[in-house]
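User: I'm new to reading protein structures. Could you walk me through this one?

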Amino acid sequence: MKKHLRAYFLNVMFAFGLTTAFLSVIVMLVGDQLKGETGLTMLGSEGIPIAFLLQFLLAVMIVMALRQLFLSDLCIKSMKPSLRVILFLITALLTMTGFILLCGWFPTEGLLIFIPGAVCAIILNAVRLFRCENARNKELADALAQYKSAHNS
Amino acid sequence: MKISMQIDGAFQETEILIRSPKLTPELEQVLAALHLLERKITVTNGEETTVLDAAEIVYAESVDRRTFVYTASSCVETRLRLYELEELLEPCGFLRISKSCLVQIRRIRSLKADLDRRLRLTLETGEQIIVSRQYADALKLKLGVK
């Protein structure tokens, strides 16, 4: 449990720090043009508002908790790895979308046209992941059968 | 201890006879070493000591510095350490799959890829055990998978 908690906090700090650094650059470049229009660019290029940082920290904590839930065997003991990845990506995407819409982080007009594309991308990647995993498992099963027949004769 | 040996072509098979007033720990070690030559290991089940054929072993596990051997129907303890079992049983198709576990590959029913490049084995007994990342490549190599 300690190991998982430590990993969780490290992941939160790393993700939050790295992304905040990236967002700082974005704000520096386009902050003045979008000043007052979004939660992120409320202060223009002068900085990122505290409210946004706290909201973003909460979002990162939720996403990392989802990561611990789906991508480790702490809670879910038995689930196909590809299914874990897909569920994590979907829930993480929904979380970030929720925060963007509810907290007004970015302008969202016109973003609805990207939804079909995003759904297609998720479905295609899910199919690819499942097929890769099934192929890998079949290869392992065939190798095991071959080993057994070679060593039982 | 007096050791004597008779080599004679008239003998049909090799027979080892040990004469002693009582069974001592040293004698048990000698017996264990002799059984090892036939890929048999001495195991204890409570007070009872028996000999187990390597082929009956599904997997062996080290817990709290004690080594337990699992067959299809029982769990017994052996005095051998896990690394000693590994050295003895590796030619019989056994492989280390984690720091504390050794498995007979023929007794694996199925295996699947798991999180973090680990492998999940289902044994003939229905039990599932995890091959750690460190040992997964060795198992794949043994099976001839890249």
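User: Which residues lie nearest the centre of the largest pocket?

Analyst: Keep in mind that this is a predicted model. The largest pocket has a volume of about 1000 Å³, and its lining has 12 nonpolar, five polar and five charged residues. There are 22 lining residues, and those nearest the centre are Ser4(B), Met5(B), Glu15(B), Ile16(B) and Leu17(B).

User: Okay, and which helix gives the largest share of the lining of the second largest pocket?

Analyst: That pocket holds about 710 Å³ of space and is lined by 26 residues, with Leu71(A), Leu115(B), Asp116(B), Arg117(B) and Arg133(B) nearest its centre. Helices H1, H2, H3 and H4 of chain A, along with H3 of chain B, each supply at least two lining residues. The largest share is five residues, and the helix they come from is H4(A).

User: How many charged residues are in the lining of that second largest pocket?

Analyst: Let's split the lining by class. It has 10 nonpolar and five polar residues. The charged ones number 11.

User: Switching to the sheet in chain B: which are the edge strands?

Analyst: Three strands make an open, antiparallel sheet in the order E8-E9-E10. An edge strand here pairs on one side only, and that picks out E8 (108–113) and E10 (128–131) of chain B.

User: And what is the bridge partner of Leu111(B) in E9(B)?

Analyst: Strands in a sheet pair through backbone hydrogen bonds. E8(B) runs antiparallel to E9(B), residues 119–123, and five bridges join them. Across in E9(B), the partner of Leu111(B) is Leu121(B).

Methods:
Residues numbered from 1 in each chain as written. Chains lettered and ligands numbered in written order. Predicted model: local features only at pLDDT ≥ 70, side-chain atom pairs only at ≥ 80, totals over all residues. Heavy atoms only, no water. Pairing = 2+ DSSP bridges. Helix = DSSP H or I, 4+ residues; strand = E, 2+ residues; numbered from the N terminus. 1 Å grid on protein atoms, 1.4 Å probe; cavity = no way out; pocket = protein on both sides within 12 Å on 5 of 7 lines; lining within 4 Å. Points joined across faces, edges and corners; volume = space filled by probe spheres on them. Nonpolar A, V, L, I, M, F, W, Y, C, P; charged D, E, K, R; others polar.
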